[in-house]
Amino acid sequence: MEKQHWPLWEIFIRSRQGLSHRHVGSLHAADAEMAIENARDVYTRRQEGVSIWAIPATEITASSPDEKDVLFDPADDKVYRHPTFYDLPDEVKNM
Amino acid sequence: MEMDLLQRFEAYVASEKKIEPKDWMPDAYRKTLIRQISQHAHSEIVGMLPEGNWISRAPSLKRKAILMAKVQDEAGHGLYLYSACETLGVQRDDTIADLHSGKAKYSSIFNYPTLTWADIGAVGWLVDGAAIMNQVPLCKCSYGPYARAMVRVCKEESFHQRQGFQIMMTLAQGTEEQKAMAQDALNRWWWPSIMMFGPPDDNSPNSAQSMAWNIKRFSNDELRQKFIDLTVPQAELIGLTIPDADLKWNEETGHYEHGPIDWDEFNRVIAGHGPCNKERLDARNKAWDDGAWVREAAGAHAEKRAARKAAANTAAA
Amino acid sequence: MNTRFEYLLRLGDDALILGQQLGLWTGHGPVLEEDIALTNIGLDQIGQARAWLSLAGKAENQGRDEDRLAFHRNQEGFRNALLCERPNGHFGDTIVRQFLFDAYAVPLHAALAQSNDAEIAAIALKSAKESAYHLRHSRAWLVRLGDGTEESHEKVQASLDLMLPFAGDLFFSDEVTTAATDEGWGPDPSDLRADWEAILSDTLSEAQLRRPDAVPEQIGGRQGRHTEQLSFLLAEMQVLPRTYPDAKW
């Protein structure tokens, strides 16, 4: 019996020139060309995009939620990376 | 350990945060979502059929284009929802196989026939209207991919109800025959539409848990009441009569009271004995079976191409 | 004869009949994504039909708008090429029909975009982008089916054998098309045939399909002589406006 699933592709759309591609969802396609065409018809019917990336879902490596603390908490105390950390006299404008 | 996770999960959901695909979730939560999202997706896909019926007979080229775009949107919505469902670890083709075998349910409303052009108006106005009322709260549902799919769906659906109402309005202001057509469609679609909100609250088995998990936000009866309150004045505005002799405005509560709903009919249709259950499933099965050779061919071609590319790369190396 | 009206009708009717047929796929495609794709192409065709028929109505100057022309003409008044009215058949039949048409529409719209008539050029410019996409879609599918499985290859080869004799109608020349070239507002379709042949042979070779042996071509659509299918198609499409002639929708 037919048990041949078309692969799943994750679709990223650039909505306007100057913005980065954003994940919008997924779809199935037999090949890359079809993935782009399907993404165009599925995710840009209302002029939502100017560029499409289609990436085989199996090619995406994701961080694991279990590692969330290890990966992201260390950034918590590095407040000096943010401009608001630095108090400057009011006379200094626009820095 | 499991208890700990569960408590953390429930606290997390209660604080209106989103659950994402790889986060830990209770099995029952996953199962509830798979059931609900896939049913929702199936409803979009089966829902294409009664309206799709009239694409070839739309009475003007503008109406034809609108209807095609609308039914096409339903396909898109089915697709967004199947995608959301796949993030829970089920394959779309398997989900669809459950629909085709009759194992999975879809919204019963689509087991009613579209007999005249006015039905296209009534479906847009009432059925999409009821669907939107059900769907807007889902945009805030606790499962991230479902909530995001619903945001997209709701944004796109906003024209669906309006085009339906506009068809009804045009018919209601038209010739005597057109008026009769519009009233007849309202007569047939009214009760099935208000049944779309599901059984009454005192008889809705899955509701409490879904509410606790922030999958469901309002009770069936609350949404039904809201729909009736909004829709009755719309019917009056275009001079059509809601087919409910007991319908009356209650000054005190500020709501309409409606007559008894025939839940036997509801249960009959769910159990597979609606006017079109068989046609709808047959049509879906036929499309799928007729398409098997096409899907296989595309898969085979992709493999051949990949093999050729690999061979060319080896030759070049 | 109002040659401009006739010429525009041919453009409009091709798009209308194809759009009508593609609409039948909505909800019945081989896979959800393809359902959406075929409907998109159908929507483009209906959009083009509306533009051409509106312009045809203006050229005729008898007060007929796009709907009057689409819904209140009889079979013999239709000017679509016979290829466009071939039934949908299976997915491969539809793809072959669409491919043979798209390979004609691309050079057609390119030539029409050079029209000395600003309105024709404007519609053609918009349509050209659409037909380029349609060709990309139908061509890719023809290759997938031709060079897919043994079953798909045989099926789509049979579709090609079946459809090709009807494609010649697209290139029909007469005093209407001569007037178009003489007056500079449109190409003579017979001049597009070389481009069409080039796309066809290039695609067939990639799809591993055989060019069927030449057989006599079926001609007649441009003069209102149609095949059995069109009457059924029109009966369905026109049922409401014909049944309720006074109604507005």
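Of the 95 residues that make up chain A, 25% count as buried. This figure, like every other value below, comes from a predicted model. The accessible surface of chain A amounts to about 6,800 Å², and carbon and sulfur atoms account for 54% of that area.

A look at the secondary structure helps to place these values. Chain A contains 2 helices and 3 strands, arranged in the order β-β-α-β-α when read from the N terminus. Chain A is more spread out than a compact globule, because its radius of gyration is 21 Å, well over the 12 Å that the globule rule gives for 95 residues. The overall dimensions can be read alongside that result: along the principal axes, the C-alpha trace of chain A spans about 70 × 35 × 15 Å. As for contacts within chain A, among those between residues at least 6 apart in sequence, 44% join residues at least 24 apart.

The charged side chains of chain A deserve a brief mention as well. There are 11 positive and 17 negative side chains in chain A, and the centres of these two sets are 7 Å apart.

Turning to the strands, a convenient place to begin is β1 of chain A, which covers residues 8–14. This strand is mostly covered, with 5 of its 7 residues buried. Strand β1(A) has pairings with both β2(A) and β3(A). With β2(A), residues 22–28, the pairing is antiparallel and is made through 6 bridges. Within this pair, A:Phe12 has A:His23 of β2(A) as its bridge partner. With β3(A), residues 51–56, β1(A) again runs antiparallel, and 6 bridges join the two strands. Here the bridge partner of A:Ile13 is A:Ile52, a residue of β3(A). Taken together, A:Phe12 is bridged to a residue of β2(A), while A:Ile13 is bridged to a residue of β3(A).

Chain C offers a close-up of a single side chain and its surroundings. C:Gln48 belongs to helix α2 of chain C, which comprises residues 32–60. The relative accessible area of C:Gln48 is 5%, so this residue counts as buried, the cut-off being under 20%. Leaving aside residues up to four places away in sequence, C:Gln48 touches C:Ala15, C:His109, C:Ser127, C:Glu130 and C:His134. Two histidines, C:His109 and C:His134, are thus among the contacts of C:Gln48, together with C:Glu130, C:Ser127 and C:Ala15.

Note on methods
Residues are numbered from 1 along each chain as its sequence is written. Chains are lettered from A and ligands numbered from 1 in the order in which they are written. This is a predicted model: local features need pLDDT of at least 70, side-chain atom pairs count only at pLDDT 80 or more; totals for chains, interfaces and linings use all residues. Side-chain values use heavy atoms; hydrogens and water are left out. Helices (H or I, at least four residues) and strands (E, at least two) are DSSP runs, numbered from the N terminus. The radius of gyration is taken over C-alpha atoms; the globule rule is 2.2 Å times the number of residues to the power 0.38. Buried means under 20% relative accessible area, exposed over 50%, partly exposed in between (1.4 Å probe, protein chains only). Contact means heavy atoms within 4.5 Å. Accessible areas come from the Shrake-Rupley method with a 1.4 Å probe; for residues, only the protein chains shown count as cover. Lys and Arg count as positive and Asp and Glu as negative; His and the chain ends are not counted. The place of a charge is taken as NZ of Lys, CZ of Arg, CG of Asp or CD of Glu. Two strands pair if DSSP finds at least two bridges between them.
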